[in-house]
Amino acid sequence: MDRTGGSDRRQTEESKPLLGEMSAPEGNKMGAAPCRRALLHCNGMRYKLLQEGDIQVCVIRHPRTFLSKILTSKFLRRWEPHHLTLADNSVASATPTGYMENSISYSAIEDVQLLSWENAPKYCLQLTIPGGTVLLQAANSYLRDQWFHSLQWKKKIYKYKKVLSNPSRWEVVLKEIRTLVDMALTSPLQDDSIHQAPLEIVSKLLSENNNLTTQDHESIIVAIAPLLENNHPPPDLCEFFCKHCRERPRSMVVIEVFTPVVQRILKHNMDFGKCPRLRLFTQEYILALNELNAGMEVVKKFIHSMHGPTGQCPHPRVLPNLVAVCLAAIYSCYEEFINSRDNSPSLKEIRNGCQQQCDRKPNLPLRLLHTSPDLVSQEATLTESRLKPVIVTSSEIHVEVERNNTANQKMTANVGNDSEPNLIDCLMVSPTCSTMSIELSAQADRILGCYVEILKMLSDYDDWRPALASLLQPIPFPKEALAHEKFTKELKYVIQRFAEDPRQEVHSCLLSVRAGKDGWFQLYSPGGVACDDDGELFASMVRVCNNVHILMGSCYKTKKFLLSLAENKLGPCMLLALRGNQTMVEILCLMLEYNIIDNNDTQLQIISTLESTDVGKRMYEQLCDRQRELKELQRKGGPTRLTLPSKSTDADLARLLSSGSFGNLENLSLAFTNVTSACAEHLIKLPSLKQLNLWSTQFGDAGLRLLSEHLTMLQVLNLCETPVTDAGLLALSSMKSLCSLNMNSTKLSADTYEDLKAKLPNLKEVDVRYTEAW
């Protein structure tokens with residue numbers, strides 16, 4: 001890092017406008033040069049660089065005798081057809097015979113020019129070689145010019161490779177580089193290699209000469225800057241740029257030259273895996289911005305410039321590329337520890353405690369406490385089962401986990417299970433018996449702080465948040481990062497932003513990416529390794545904008561969601577409810593309402609918890625009132641069959657059902673009405689309903705999922721000509737009492753139909769006409 005400049009110089013460097021607003025001062029030659037030479041593009045015809053092609057060839061040797069003059073006259077010339085290849089070093093024929101028996105080296109070509117003789121053949125160009133001339137005749141003037149420019153380009157590139165491979169004086173080298181760049185900018189050839197070839201030549205030059213001064217570095221970078229406007233730098237050049245960012249982060253080259261290059265990389269790169277040095281260069285560039293006096297404010301301006309001033313970023317690749325850079329940078333902070341995972345216990349070994357200390361190598365990056373197998377056989381005789389720790393020592397990271405007898409029973413039950421345990425399961429510990437401390441180096445700590453802050457910035461953009469949540473849903477961080485208190489504490493802001501977003505595609509990403517794998521919801525729940533707030537974030541994730549049904553609706557499996565909470569998080573839920581958390585109070589009430597809890601003692605404990613607070617007592621009383629109303633409806637009776645008039649709406653149905661007693665209603669027809677999925681909230685309050693006709697309504701998947709959870713006694717269901725799809729029809733697999741199902745003219749697929757047949761044993765009558773399954 002260059003810290004030799006005074007405060008005045010640093011102030012001048014950092015007072016420049018950043019990125020899209022940036023322009024160099026008129027007197028600053030370093031900033032003005034790339035812009036000036038970038039205007040030297042030539043006008044006129046454009047050609048693709050030829051690599052090979054068919055052409056007529058004639059070789060004329062310099063006449064030495066009177067007879068040779070006669071034989072070389074234009075009337076006696078012999079033309080040969082050849083398929084020529086313009087290689088890197090020479091011109092060669094695919095059929096090395098006749099005139100082209102030997103290839104022609106570019107170093108042997110003294111000149112290339114269009115044929116200018118009087119009465120010369122049409123569409124010819126001549127190559128002057130020692131001892132004669134090679135004539136090439138094309139089919140038309142365009143092809144002739146294409147061959148002419150391609151040969152000139154190949155010859156000059158060959159020359160510059162030779163000249164710059166053995167530099168003597170750097171003043172001359174710099175002049176040659178500028179000439180090379182100007183040649184590429186003014187060439188009428190249009191091809192990716194036209195700009196890439198000079199960059200590769202300079203890249204090789206820099207990789208082979210490490211003794212350049214800082215001024216030489218900057219002069220070369222400024223000289224090639226115009227070529228970087230529309231081209232990615234090659235790998236070796238990226239390495240050189242990275243070195244410059246690390247050693248001179250305050251240099252104006254970083255701001256003026258590297259900024260448009262990084263912008264282009266982020267906007268257009270499709271896969272960092274094919275060129276990881278592009279990602280590394282971007283990473284070092286951002287760190288260089290962070291080294292400026294303004295620090296993260298400069299980085300924030302850069303991120304904003306990549307997003308753009310509007311509410312929607314016009315470049316779809318920017319966010320994935322930025323996230324990839326952040327993930328790689330965060331990974332590098334823990335790389336020292338990750339590289340020694342071969343010596344550390346696997347997740348399965350952590351869970352099962354099946355490896356002895358003597359099997360381990362010393363100096364591991366993790367200090368993990370796991371069960372000794374000798375204790376498993378002794379457990380029955382112990383009055384208080386505490387697991388004997390086997391400690392793997394290290395002074396760098398400490399993760400100590402102490403499990404009680406319940407955890408030990410789970411471990412012993414899983415011994416012999418070959419499946420890899422969940423990452424979060426291995427990190428989940430009780431806050432009262434776990435200590436986590438990770439010490440990173442000062443440089444790694446700065447990198448971590450910078451890139452976690454960038455993730456926070458990305459989460460603040462509304463249009464980026466859905467994609468960001470999807471990219472982070474699989475928890476793409478190493479387990480060492482998840483065990484680092486600073487990392488999880490800083491990342492908490494991002495998770496909070498996801499939880500506060502009302503959009504289903506955002507907050508649903510807090511859940512696991514697939515069954516059997518935990519997600520952010522589990523990581524930040526009470527008892528999770530990242531939870532440091534007594535469950536406030538956990539309650540926020542469940543609530544999602546003060547409405548628990550939004551998150552539960554995003555799962556589309558309300559009962560399954562409540563079951564998972566009852567099995568894994570009932571204690572934390574009761575604790576938060578005891579402290580007056582309204583979301584957790586509602587969760588406990590729903591568990592009672594849906595009969596999630598089977599154990600009577602647990603039910604009584606939940607009721608006691610609810611009655612211990614004012615909000616809990618009020619909501620529990622409302623639950624009891626609803627239960628009494630249902631029983632009263634059934635007691636009063638009412639009609640057993642009901643048909644709504646056509647064109648009735650959801651409001652009409654709600655008004656009708658609230659006007660009387662329908663506890664005994666068994667058959668309801670809503671056919672040809674205008675009801676939608678919203679009416680499902682009223683239908684689930686009909687406890688005796690067995691037959692439901694929704695023919696030609698707007699009843700959709702959301703309503704179907706709600707019916708499948710509550711109307712488990714439904715026997716006949718007509719969905720003919722409704723907009724239901726596989727997503728909703730699959731939920732019917734839980735309605736085991738169904739014996740007649742009409743899915744005529746729906747979006748039913750063959751696979752879903754087969755799945756329903758397998759899961760509904762009582763299904764006898766099915767109508768699938770005019771569907772894919774028909």
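**Helix α8, the nonpolar cores and a few odd residues**

In this predicted model, helix α8 buries L237, C238, F240, F241, C242, H244 and C245. These buried residues pack against four partners, namely α6 (192-207), α7 (214-224), α9 (252-268) and α10 (276-290). As for its geometry, α8 runs over residues 235-247, 13 residues in total. From first C-alpha to last, the helix reaches 19 Å, close to the 18 Å expected at 1.5 Å a residue.

Strand β7 (residues 132-137) is where Q137 is found. With a relative accessibility of 23%, Q137 counts as partly exposed, because the buried class stops short of 20%. The side chain of Q137 gets to the backbone oxygen of K122, at a distance of 3.2 Å. Another pairing shows up in the C-alpha trace: Q137 and I55 are 82 residues apart along the chain, yet their C-alpha atoms are separated by 6.1 Å.

Turning to the hydrophobic side of things, the largest nonpolar core takes in 145 residues. Within that core, Y334, Y451 and F477 are the residues that touch the most other members. For Y334, the contact list, leaving aside neighbours within four places in sequence, reads I438, L440, L448, P478, E480, A481, H484 and F487. So that list is not purely nonpolar in the sense used for the core, because E480 and H484 are on it. There is also a second, separate core, made up of 37 residues, with L689, L707, L719 and V724 among them.

Two residues catch the eye for their backbone angles. E721 is not a glycine, yet its phi is positive, at about 60 degrees. E721 sits in the loop that links β15 (716-718) to α34 (726-729). Is E721 buried, exposed or partly exposed? Its relative accessibility is 42%, so E721 counts as partly exposed.

Y770 is the other case: here too phi is positive, near 60 degrees, in a residue other than glycine. Y770 belongs to the segment after β17 (765-767). Its relative accessibility comes out at 56%, and Y770 therefore counts as exposed, the cut-off for that class being over 50%.

Note on methods. Residues numbered from 1 in each chain as written. Predicted model: local features only at pLDDT ≥ 70, side-chain atom pairs only at ≥ 80, totals over all residues. Heavy atoms only, no water. Helix = DSSP H or I, 4+ residues; strand = E, 2+ residues; numbered from the N terminus. Expected span 1.5 Å × (residues − 1). Buried < 20%, exposed > 50% of the residue type's maximum accessible area, 1.4 Å probe, protein only. Contact = heavy atoms within 4.5 Å. Polar contact = N/O pair within 3.5 Å; in protein donor to acceptor, adjacent residues only side chain to side chain. Core = buried A, V, L, I, M, F, W, Y, C linked by side-chain atoms within 4.5 Å.
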